Amino acid sequence: MSDYILEVKGLKKYFKTPRGRLHAVDDVSFSIERGKTLGIVGESGCGKSTTGRTILRLTEPTAGEILFEGRDITKLSKGEMRRLRKDMQIIFQDPFSSLDPRKTISQIISEPIEIHHLYSDQKQTLARVSELMEVVGLSRRLINTYPHELDGGRRQRVGIARALALNPKFIVCDEPVSALDVSIQAQILNLLKTLQNELGLTYIFITHDLSVVHHFSDDIAVMYLGRLVEKAPAEQLFRNPVHPYTRALLSAIPVADLKHKPERIILKGEITSPINLPDECRFSARCNEVQEACRTKDPPLIEVEPQHFVACCRACEFCRQD
C-alpha cells in the first residue's frame, strides 16, 4: 500500500458567474502521507476551504483526480461515495452554525452512527456516544444539553466527536479554531494532535494563522487566488521561504522580541479578480519583485530543493541556471 493516503492531481473548481468563470481552485496538486498533517494557508478568498470541501466531494470538482488510498473518488457513484464517508470527515469552522440547534449533543454525535447503521442496539449507540464525549473531553452530564447551552470550545468538541463517530482515517479541519478564544484554541489544537497520535489520523488543516500552522503541520501549502504558490515541510518553509507572497505572509506574524522583529513586507496594489484570469502570474499585480516574464505566463509549481515546490518566475530561472 502507498505511503500516501491522499493524492490530488490537477484539481479544479470553477463557478459560473454573470461575468464569467470564477477560478476558485485551479490546477491544485499535492499528496499527504498517512498519519501526517498538511496545512493550507492563505488570505480569505484564496480557495483553501473550497479545496477541502471539493476533496470530500461536498462540492463537486470541475476537473482533476482525487485519489484516496489509490482510488479515484471523483468517479464514484453517490452510493459508493456515501459508504466512503466513514473514512473521510470534516470539522467545520463555526462550531455553532455547524450543529443542529434542535438536537441534543447526544443526537448530534449519534447521527452519523445511525445514518450508517453501525449498531442495531440503541444501548450500543449511546455507549459509543459516551465514549466519544470522554475522548474529546466533554462531561457526561452534557449529553442531553443543546448547542446554545455550551460555550464555543465545548461546541467544537462536539463537532470533533461527531467527526470521529465513524472511525475515519482522514479529516479536513476547516479553520477549526479561528472562531475560538486564544486559550481555547490551544486546548482544541492539543486535542487534535493527541487524537492524531492515538488514532493515526491524517489531517488537512486549513487556516489563515501561520503561527498555528507552523506548530501543527508537517507540511505547509500556501495558496493564492486558487493556486498553490509554495509547498514545503513546515520548518523548511519558515527557514527558507522563496515565493514573495510567502515571505510577505511570514513577515506579518507578530513577534514578542522587538529587537529581532523582522522587516514587514507591505504588499501594494489590488488583488487580481478570480474571474476570467489572464495567463500571467496571479501575484504580479502586488509583487515587489515582478519581472517582465511574470506578465507573460502563469508559472508552474517546480521543485527548487528536495520537497520544496514553488510557483515563481524567479524560481524557474534559478532552476534553469542549475
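Contact here means heavy atoms within 4.5 Å. With that in mind, helix H1 can be placed in this predicted model: H1 lies across S1, S2 and S4, and runs at about 115 degrees to S1.

The strands that H1 crosses here belong to a four-stranded open sheet, ordered S2-S1-S4-S5, in which the pairing is antiparallel. At its edges stand strand S2 (20-33) and strand S5 (71-72); each has a single partner strand, so one side of each is left without a neighbour in the sheet. Further in, strand S1 (residues 4-17) pairs with strand S4 (residues 63-68) in the antiparallel sense, over five bridges. As one example of how the two line up, Lys12 has Ala63 in S4 as its bridge partner.

Then there is the eight-stranded sheet. It is also open, and its order reads S6-S7-S8-S3-S9-S10-S12-S11, with mixed pairing. Strand S6 (88-91) and strand S11 (302-305) are the edge strands, each pairing on one side only. From one strand to the next, the twist averages 25 degrees. H1 (residues 48-55) turns up again here: it packs on this sheet, touching strand S3 (37-41), S6, S7, strand S8 (202-207) and strand S9 (219-224), and its direction makes about 150 degrees with that of S8. So what does H1 touch overall? Strands of the four-stranded sheet, namely S1, S2 and S4, and strands of the eight-stranded one, S8 among them.At the S6 edge, S6 and strand S7 (residues 170-174) pair in the parallel sense over four bridges. Within that pairing, Ile90 has Val172 in S7 as its bridge partner. Helix H5 (residues 152-164) packs on the sheet here, touching S6 and S7, and its direction makes about 175 degrees with that of S6.

Two other helices pack against each other. The axes of helix H3 (residues 105-115) and helix H4 (residues 122-135) come within 10 Å and cross at roughly 115 degrees, and the crossing is right-handed. On the H3 side, the contact involves Ile105, Ser106, Ile109, Ser110, Ile113 and Glu114; these meet Gln122, Thr125, Leu126, Arg128, Val129, Leu132 and Met133 in H4. By type, the residues of this contact divide into seven nonpolar, four polar and two charged.

The loop between H3 and H4 holds His117, a residue with a positive phi of about 55 degrees although it is not a glycine. Most residues other than glycine have a negative phi. His117 is exposed, with a relative accessible area of 66%. Asn167, in the loop between H5 and S7, also has a positive phi, near 55 degrees, and is likewise a residue other than glycine. At 54% relative accessibility, Asn167 counts as exposed, because the cut-off for exposed is over 50%.

Salt bridges come next, and the structure holds 14 of them. In one, the side chains of Glu69 and Arg34 meet at 3.1 Å, N to O. Glu69 sits in the loop between S4 and S5 and Arg34 in the loop between S2 and S3, so the pair ties together parts that are 35 residues apart in sequence. Both ends are partly exposed: Glu69 has a relative accessible area of 30%, and Arg34 has 32%.

Glu60 and Arg57 form another salt bridge through their side chains, at 3.2 Å, N to O. Here Glu60 counts as partly exposed at 39% relative accessibility, whereas Arg57 counts as buried at 11%.

A further salt bridge joins the side chains of Asp298 and Arg227, at 2.7 Å, N to O. This pair links distant parts of the chain, 71 residues apart: Asp298 is in the loop between helix H9 (244-251) and S11, and Arg227 is in strand S10 (residues 227-233). Arg227 is buried, with a relative accessible area of 14%. The pair also belongs to a network, in which salt bridges that share partners join Asp26, Arg227, Arg282 and Asp298.

Finally, Gln187 is found in helix H6 (residues 182-199) and is partly exposed, with a relative accessible area of 40%. Gln187 and Arg157 are 30 residues apart in sequence, and their C-alpha atoms are 10.0 Å apart in space.

Conventions:
Residues are numbered from 1 along each chain as its sequence is written. This is a predicted model: local features need pLDDT of at least 70, side-chain atom pairs count only at pLDDT 80 or more; totals for chains, interfaces and linings use all residues. Side-chain values use heavy atoms; hydrogens and water are left out. Two strands pair if DSSP finds at least two bridges between them. Axes are lines fitted to C-alpha atoms, for helices over the stretch in contact, and angles run from 0 to 180 degrees between N-to-C directions. Buried means under 20% relative accessible area, exposed over 50%, partly exposed in between (1.4 Å probe, protein chains only). A crossing is left-handed if the near helix is turned anticlockwise from the far one by less than a right angle, and right-handed if clockwise. Ala, Val, Leu, Ile, Met, Phe, Trp, Tyr, Cys and Pro count as nonpolar, Asp, Glu, Lys and Arg as charged, and the others, Gly among them, as polar. A salt bridge is a side-chain nitrogen of Lys or Arg within 4 Å of a carboxyl oxygen of Asp or Glu.
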